[in-house]
Amino acid sequence: LSFHLELMIEAAEQAFPGKKVVGARNVQAHRWVTVERPAITLETTGRTFECNDSPVHLEVRRTDEKAELVAEADLLLANDFSEAPAPADIELKATRKKPIPADRFYPYSLFHGPAMQCVSSLNKLGENGAVASLRVPTSELPARPVLTDATGQMAGLWAASLLEKNFVIFPVAIDAIDFYAP
């Protein structure tokens, strides 16, 4: 989902030079794209390319005979990024000790390779969420989709820590996300 969102962000910023994507709403994955042989081609298109106060709706589709809708989102554009707010103080319910030690995150609970390993520690764990420390791995990948993916990694670690079975989860939607830097 994070790299589909990045495709849409890059397309919007190319379509509107000088504008920056500062947020996304209603991000939805419809189909997983796997590495296939032969390779597949994805196309990013916008249904309403008006850059004013309204969001720009973008879609990612396969261009082969399937022509499936892969992902879509409403992107918010602005001339510049806003200043980041102070981190929210999250009140976790039924706080628990973290049962998964940091050295067991990868590859035991998560499948991500070194370029995508962002969660360095689970700081707090509760029934309604988790607080973690993240880092941007040194790699050639852009930081924004890597850090966006890290939120899904946190959710996966949260589920693996609290659920006894069926804890493999994949995010398919993001209600809202705001960006304060590229």
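**Strand pairing, salt bridges and surface features of the predicted model**

Strand 5 is joined to strand 6 by a hairpin that passes through two residues. The structure described here is a predicted model, and the account below proceeds from this pair of strands to the charged contacts, and then to individual residues and the surface. Strand 5 comprises residues 119-126 and strand 6 comprises residues 129-134; the two run antiparallel and are held in register by six bridges. Within this pairing, G126 is the residue that stands opposite G129 of strand 6.

Salt bridges in the model number five under the criterion applied. One of them is formed between the side chains of E6 and R144, with an N to O distance of 2.8 Å. Because E6 belongs to helix 1 (residues 2-15) and R144 to helix 3, this contact ties together parts of the chain that are 138 residues apart in sequence. Both partners, E6 and R144, are buried. R144 takes part in a further contact, in that it lies over the face of F179, at 5.7 Å from the centre of the ring. By contrast with this contact between a charge and a ring, the count of aromatic pairs comes to zero.

A salt bridge is also found between the side chains of E68 and R31, where the N to O distance is 3.3 Å. Here the two residues lie in loops, E68 in the one between strand 3 (56-62) and strand 4, and R31 in the one between strand 1 and strand 2 (42-46), so that the pair ties together parts that are 37 residues apart in sequence. E68 is classed as partly exposed because its relative accessible area is 23%, a value that falls between the limits of 20% for buried and 50% for exposed residues. R31 is likewise partly exposed, since its relative accessible area is 44%.

In another salt bridge, D64 is paired with R62, and the closest N and O atoms of the two residues are 2.5 Å apart. The partners are assigned to separate accessibility classes: D64 is partly exposed, as its relative accessible area is 22%, whereas R62, at 8% relative accessibility, counts as buried.

Two further residues in the strands may be described individually. N26, which is found in strand 1 (residues 20-29), has a positive phi of about 55° although it is not a glycine. For context, most residues other than glycine have a negative phi. A78 is located in strand 4 (residues 69-78), and it is partly exposed because its relative accessible area is 22%. The C-alpha atoms of A78 and F16 are 9.9 Å apart in space, while the two residues are separated by 62 residues in sequence.

On the surface, a nonpolar patch is formed by W32, F111, V168, F170 and V172, which together contribute about 580 Å² of accessible area. One member of this patch, V168, lies in the loop that runs between helix 3 (143-162) and strand 7 (173-178). V168 is classed as exposed because its relative accessible area is 64%, which is over the 50% required for that class.

Methods
Residues numbered from 1 in each chain as written. Predicted model: local features only at pLDDT ≥ 70, side-chain atom pairs only at ≥ 80, totals over all residues. Heavy atoms only, no water. Pairing = 2+ DSSP bridges. Helix = DSSP H or I, 4+ residues; strand = E, 2+ residues; numbered from the N terminus. Patch = residues over 30% accessible without salt bridge, like charges linked within 9 Å, V, L, I, M, F, W, Y side chains within 5 Å. Areas by Shrake-Rupley, 256 points an atom, 1.4 Å probe, with all protein chains shown as cover. Salt bridge = Lys/Arg side-chain N within 4 Å of Asp/Glu carboxyl O. Buried < 20%, exposed > 50% of the residue type's maximum accessible area, 1.4 Å probe, protein only. Phe/Tyr/Trp six-rings, centres within 6.5 Å; stacked < 30°, edge-to-face > 60°. Lys NZ or Arg CZ within 6 Å of the ring centre and 35° of its normal.
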